[in-house]
Amino acid sequence: MARKKRTDHKGYVLRVGEYQDKSGRYSFKYTQNGKRYTVYGLTLKELREKEKQIEKDLEDGIDNSRRNITLNQLFREYLELKTDLKETTRCNYLASWNNAIRDSDIGKMKVSEIDQIRIRKFYAGLVKQGLAVNTIKFYHSLICPVLELAVDSNMIRKNPAKDARKGIGGTKREKTSITISQQEKLLDFLKSSSQYCVYHPLMIFALSTALRVGELTGLRWSDVDLKENIIHIRQQLIYRNLGDGCRFHVQNLKTEAGRRNIPLTASARKSLIKQKELSLVLGTKQRKEIDGVTDFVFLNSLGNPYAANAVNFMLKNVIDAYNRAEREVAVREDREPEPLPHISAHILRHTACTRLAESGIDPKTLQYIMGHSSIAVTMDIYNHVDTIRVKNEMEKAEDVIKYG
């Protein structure tokens, strides 16, 4: 006698693994890798669409046991697996993710449900917020490998983030530097200021060496060879929470290109000698050891090295003081004031790089001095300098070629 076929409440025949409960909801039970799973549908049609997908997933080896994992959860796993990351890089990745991705729609979405349209909408939203092209590229560089991990782990068939940035714009922010005139005004103000003159050697040195802010604040007297007129860039100083609270850390440079020996110009040498004399006069000594280091060159009045944000804060105070004084002078002289623009530690480095390029130093040498891993970064400076140089030459021609 044939076994009676199972049917739903409407009389439709149910397949093996299909069920309908008293409320009318449908379910399908199946086994993968020895584990039992259940999916649900409000209608038989909806359930069977899911069955088709499950069948295809089983054929393709897609692991449905992790279909509910979100992008945020997978990112945390991705970080755990990246054992080659420096702790500072790991903290930067996590902070950036939390800043823009964690609370977004795709961050909370199941990886199995993310498609390229959703990712492109996320990037388009960043563009509307006014984010720079490079910032959006950076977020893409976080999302793409996380979803690639999902592909490699047979959670999804293909990476929806691949090519998702095509056609996505963003704000193109030009690197800025101050002019020679602005640079001279800044240094003259520091030299003559009773309050800010203590920063004059640091500023001269920064503009003479083009060091990154962490390299500048992390420079040690043991890295300085005044006899051979050279400094050895071997480490950087950061102020960050690496799991032990916010404090200073001495860290290796990010790339091998960062390790370099920079010859001292006469100005850089004099600034170091002046810094040493200033420390003796003020009685400034390093108060406490930082990762075994006690001989940092640049210290504040409390005997502590400078954090990057402290350098930027100092620059803001200096610029504000200069501009206040300039406005007062402009009123007395009955003219429009000529304020200095915003200047950060990064702008100081870019300015120093620009001055070196303007001097005609060859690109490969400048690449070495700057510690750039790629010559393309250095050539961006040259392209900018060449534009200024062409403009200046054409302005000279105006005095020679006159019409009308």
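Over the face of which tyrosine does arginine 6 lie, and at what distance from the ring centre? The numbered points below begin with the reply.

1. In this predicted model, arginine 6 is placed over the face of tyrosine 19, 4.9 Å from the ring centre. A second such arrangement involves arginine 25, which lies over the face of tyrosine 40 at 4.0 Å from the ring centre.

2. The largest nonpolar core holds 50 residues, and those touching the most other members are Leu186, Met203, Phe205 and Ile231. Two or more residues of this core are given by each of α7 (180-192), α8 (200-209), β5 (230-233), α10 (266-282), α11 (308-332), α12 (345-358), α13 (363-370) and α14 (375-398). The largest share, seven residues, is that of α11.

3. Methionine 203 merits a separate remark. With residues up to four places away in sequence left out of the count, Met203 touches Leu186, Leu187, Leu190, Met314, Leu315 and Leu348. Apart from the largest core lies another, of 34 residues, including Phe122, Tyr123, Ile136 and Val151.

4. The geometry of α10 may be checked against expectation. At 1.5 Å a residue, its 17 residues should span 24 Å, and the end C-alpha atoms are indeed 24 Å apart, which agrees. Following α10 is glycine 283, which has a positive phi, near 70°.

5. Within α10, the buried residues are Ala268, Ser271, Leu272, Gln275, Leu278 and Ser279. Viewed down the helix axis, these buried residues fall within an arc of 125°, and they therefore line one face of α10. An α-helix has 3.6 residues a turn, so residues three or four places apart point the same way. The buried residues of α10 pack against α8, β4 (224-225) and β5. On the other side of the helix, Ala266, Lys270, Leu280 and Val281 are exposed.

6. Eleven aromatic pairs are found in a search of the whole structure. One of them joins phenylalanine 138 and tyrosine 139 in a tilted arrangement, with 6.1 Å centre to centre and 50° between the planes. The two partners fall into separate burial classes: phenylalanine 138 counts as partly exposed because its relative accessibility is 28%, whereas tyrosine 139, at 6%, counts as buried.

7. Phenylalanine 189 and tyrosine 196 also form a tilted pair, at 6.4 Å centre to centre and with 35° between the planes. Both phenylalanine 189 and tyrosine 196 are buried. Ring pairs join these two residues with Tyr199 and Tyr322 in a cluster.

8. Backbone torsions raise a further matter. Most residues other than glycine have a negative phi, and most peptide bonds are trans. Alanine 210, a residue other than glycine, has a positive phi near 60°. Alanine 210 lies in the loop between α8 and α9 (213-217), and its relative accessibility of 0% is why it counts as buried.

9. Aspartate 334 likewise has a positive phi in a residue other than glycine, near 55°. Its place is in the loop between α11 and α12. Aspartate 334 has a relative accessible area of 71% and is therefore exposed, the cut-off for that class being over 50%.

Methods
Residues numbered from 1 in each chain as written. Predicted model: local features only at pLDDT ≥ 70, side-chain atom pairs only at ≥ 80, totals over all residues. Heavy atoms only, no water. Core = buried A, V, L, I, M, F, W, Y, C linked by side-chain atoms within 4.5 Å. Buried < 20%, exposed > 50% of the residue type's maximum accessible area, 1.4 Å probe, protein only. Helix = DSSP H or I, 4+ residues; strand = E, 2+ residues; numbered from the N terminus. Contact = heavy atoms within 4.5 Å. Expected span 1.5 Å × (residues − 1). Arc of directions from axis to C-beta. Phe/Tyr/Trp six-rings, centres within 6.5 Å; stacked < 30°, edge-to-face > 60°. Lys NZ or Arg CZ within 6 Å of the ring centre and 35° of its normal.
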